[in-house]
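User: I am new to this structure. Please take me through one helix closely, from its start to what follows it, and then place it in the wider model.

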Amino acid sequence: MRMKMFAALVFGAAVAAGAAAAQPAPYNETGVTMGHWHLISKDVEANKKLFLAMGAKMYMPGGAPLMAFPGVYINLILGMEKGDGGTVGSVVNHVGFIVDDVQKRTAEWKAKGVTVLPGGNGRLDQAFVVTPDGVRMEILEDKTQTMAIRHEHVHLSLPESDIPKAQAWYAKTFGGKTGTRNNAPVVNLPGAQIRFARADSKQAPTRGRVLDHIGFDVKDHPAFVRKLQADGIKLDDMPRTNPNGNTIVYITDPWGTRIEIVQRAPLGQQVTSAQ
């Protein structure tokens with residue numbers, strides 16, 4: 001009996017630890033944290049294999065695969081929609097992770113079949129991975145972090161004159177803190193830094209691309225929707241609860257980034273790739 005009780009306690013602790021590792025960063029004062037990227041995968045199994053090799057945990061809320069990294073969830077399926085076009089050329093030019101050691105982690109990924117592209121100008125603290133359907137991911141390094149990998153940024157490409165407006169919009173809408181990185185403007189949010197780069201021409205909206213939208217999790221969905229409406233932000237649809245138990249609504253930023261606002265239901269237990 002004691003052995004059974006001990007085994008149950010160990011199992012429960014392992015489940016709790018796995019769930020904790022999959023949680024988003026703590027909410028900011030506005031009740032917002034980074035939530036997810038939503039992909040319309042052309043090859044779901046290839047994307048699952050890629051993200052698992054990079055260290056994701058997998059869940060199956062509602063029967064659909066969800067890949068979890070510290071700071072972000074990645075949905076791989078969007079109904080029956082078929083994504084057309086990678087991130088380059090859209091408002092969301094790329095997304096990014098940060099690892100404790102770029103060379104070590106990318107060597108591990110390569111051993112598992114991941115194609116890794118080198119950093120720019122011979123940099124050893126930077127690399128790139130592109131999903132089979134064209135989502136470009138920048139990999140950067142922070143040797144002081146204690147985890148192998150975490151979500152770091154979403155990089156928007158905008159006309160230069162719009163960048164100050166976009167920085168102000170993201171800071172106001174989501175309670176972010178403005179700042180700079182390498183002399184470029186950013187907005188810091190729990191779990192993500194929104195970065196802005198100059199585009200020589202207007203970029204395509206994200207909707208219908210492989211990376212269809214990004215999402216933020218909120219603590220109080222009705223209150224946040226009221227805030228959006230008070231700020232004059234138009235809802236793309238009406239708030240609703242989806243089959244997974246998430247309360248959701250969509251908005252689109254003034255530059256074409258589709259954004260989902262989510263009050264998230266529990267994910268359930270982590271599953272293995274064999275399932």
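Analyst: At the start of α5, Asp220 makes a polar contact through its side chain. One of its side-chain oxygens comes to within 3.2 Å of the backbone nitrogen of Ala223. This is a predicted model, and the distance is computed from it.

The helix itself covers residues 221–230. Which of its residues are buried? They are His221, Phe224, Val225 and Leu228. These four lie on the same side of α5, because they cover an arc of only 100 degrees around the axis. The face turned away from that buried side carries Arg226 and Ala230, both exposed.

What do the buried residues of α5 pack against? Their partners include one helix, α4 (163–174). The strands are β1 (32–39), β13 (211–218), β15 (247–252) and β16 (258–263). After the helix comes Gly232, with a positive phi near 80 degrees.

Now the wider model. α4 also matters for the count in the largest nonpolar core: it supplies six residues, the largest share. That core has 60 residues. Those touching the most other members are Trp37, Phe51, Met54, Ile74, Phe97, Met137 and Phe174. Take Phe51: leaving out residues up to four places away in sequence, it touches Trp37, Leu39, Ala56, Met67, Phe69, Ile74, Leu76, Thr131 and Met137.

How confident is the predictor? The chain averages a pLDDT of 91, and 91% of the residues score at least 70. Over residues 1–20, however, the pLDDT is below 50. Beyond near neighbours in sequence, that stretch has five contacts in the model.

Note on methods:
Residues are numbered from 1 along each chain as its sequence is written. Side-chain values use heavy atoms; hydrogens and water are left out. Buried means under 20% relative accessible area, exposed over 50%, partly exposed in between (1.4 Å probe, protein chains only). Helices (H or I, at least four residues) and strands (E, at least two) are DSSP runs, numbered from the N terminus. The arc is that of the directions from the helix axis to the C-beta atoms. Contact means heavy atoms within 4.5 Å. A polar contact is a pair of N or O atoms within 3.5 Å; within protein, one must be able to donate a hydrogen and the other to accept it, and residues adjacent in sequence count only if both atoms are side-chain atoms. pLDDT is the predictor's confidence in each residue, from 0 to 100. A nonpolar core is a set of buried Ala, Val, Leu, Ile, Met, Phe, Trp, Tyr and Cys residues joined through side-chain atoms within 4.5 Å.
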